[in-house]
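Open the model in your viewer and keep the selection box ready. Each stop below gives a selection and then what is there.

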Amino acid sequence: MAEFSGPFDGSAISSELDWSRMARRWGLDGAHCLQASDISLKVSGSGTDTVLMNVGNAFVNGFYYNSDTPRALAVPPNAGGTARIDLVVLRASMSANSVTAVYKTGGTTPPALTQDEGGVWEIPLAQCTVAASSSVVTAANVIDRRYLTGRPVIPSIPGARPPSIKNQLLVEDGKLYIGDGAAWNW
């Protein structure tokens, strides 16, 4: 395909790849968060053979993901003689037509992310260390690796600003403001 534009009547999006390429312009890969302390899709160790992913939503390669209930992900046993470094990822799969949370085992280093534009695309949520001969992940063994994404910068007209949103950026007359939840600060 030499040129593409759409969607227009008679020129609908013809593939998931067309959709992905278009939708990636709306939002970057990552968990939707307003600030770094937000716990959207944050993973925690439970001290058992599962890790817990918090509720939240994200974009993964132009596809939307939402989990409205916490998810427990099973930690496969580490039969090796050294600690294993794993990842919790969000995986967009064109063949499965879905985005899912996946526990991905590694080795002495974390597993590589798969990022094939037309196939499987993964983004990290957490890095987990599993001790030798164990399947337990404690809170201390989880490192937050989420990509964070949020709203774009809001353009504004003097005298017509929307209410302040904490950590939101606003541009007005060439000046950049940041919201603190009560006011816009230059």
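Select helix H1, residues 16-23. This is a predicted model. Colour Asp18, Ser20, Met22 and Ala23 in H1: these are buried. Which strand do they pack against? Show E5, since the buried residues of H1 pack against E5.

**The open sheet**

Stay with E5 and add E4, E1 and E11. These 4 strands form an open sheet, in the order E5-E4-E1-E11. The pairing is mixed. E5 and strand E11 (148-149) are the edge strands, and each pairs on one side only.

Zoom in on strand E1, residues 30-32, and E11. The two run parallel and are joined by 2 bridges. Pick histidine 32 and look across to E11: threonine 149 is its bridge partner. In general, strands of a sheet pair through backbone hydrogen bonds, either parallel or antiparallel.

**The hairpin**

Now select E7 and E8. They run antiparallel, with 8 bridges between them. Pick alanine 92; its bridge partner in E8 is valine 99. Next, go to the turn. The hairpin of E7 and E8 has 4 residues between the strands. Asparagine 97 takes a positive phi there, near 55 degrees.

**The core**

Select Leu41, Val43, Val51, Val88, Leu90, Tyr103 and Val137. The largest nonpolar core has 27 residues, and these seven names touch the most other members. Several strands each supply at least two residues of this core. Among them are strand E3 (50-53), strand E4 (56-60) and strand E5 (63-67). Strand E7 (84-93), strand E8 (98-107) and strand E9 (120-130) also do so. Which strand gives the most? E9 does, with 6 residues.

Centre on leucine 41 and show its contacts. Leaving aside residues up to four places away in sequence, leucine 41 touches Ala31, Met53, Asn54, Val55, Gly56, Asn57, Ala58, Tyr65, Leu90, Leu125 and Arg146.

**The surface patch**

Finally, switch on the surface. Select Val153, Leu169, Val171, Leu176 and Ile178, which form a nonpolar patch there. Together they have about 350 Å² of accessible area. Strand E13 (169-172) and strand E14 (175-179) are the elements that give two or more residues to the patch.

End on valine 171, in strand E13. Is valine 171 partly exposed or buried? Valine 171 counts as partly exposed because its relative accessibility is 34%, and partly exposed covers the range between buried, under 20%, and exposed, over 50%.

Terms used
Residues numbered from 1 in each chain as written. Predicted model: local features only at pLDDT ≥ 70, side-chain atom pairs only at ≥ 80, totals over all residues. Heavy atoms only, no water. Patch = residues over 30% accessible without salt bridge, like charges linked within 9 Å, V, L, I, M, F, W, Y side chains within 5 Å. Areas by Shrake-Rupley, 256 points an atom, 1.4 Å probe, with all protein chains shown as cover. Salt bridge = Lys/Arg side-chain N within 4 Å of Asp/Glu carboxyl O. Buried < 20%, exposed > 50% of the residue type's maximum accessible area, 1.4 Å probe, protein only. Core = buried A, V, L, I, M, F, W, Y, C linked by side-chain atoms within 4.5 Å. Contact = heavy atoms within 4.5 Å. Pairing = 2+ DSSP bridges.
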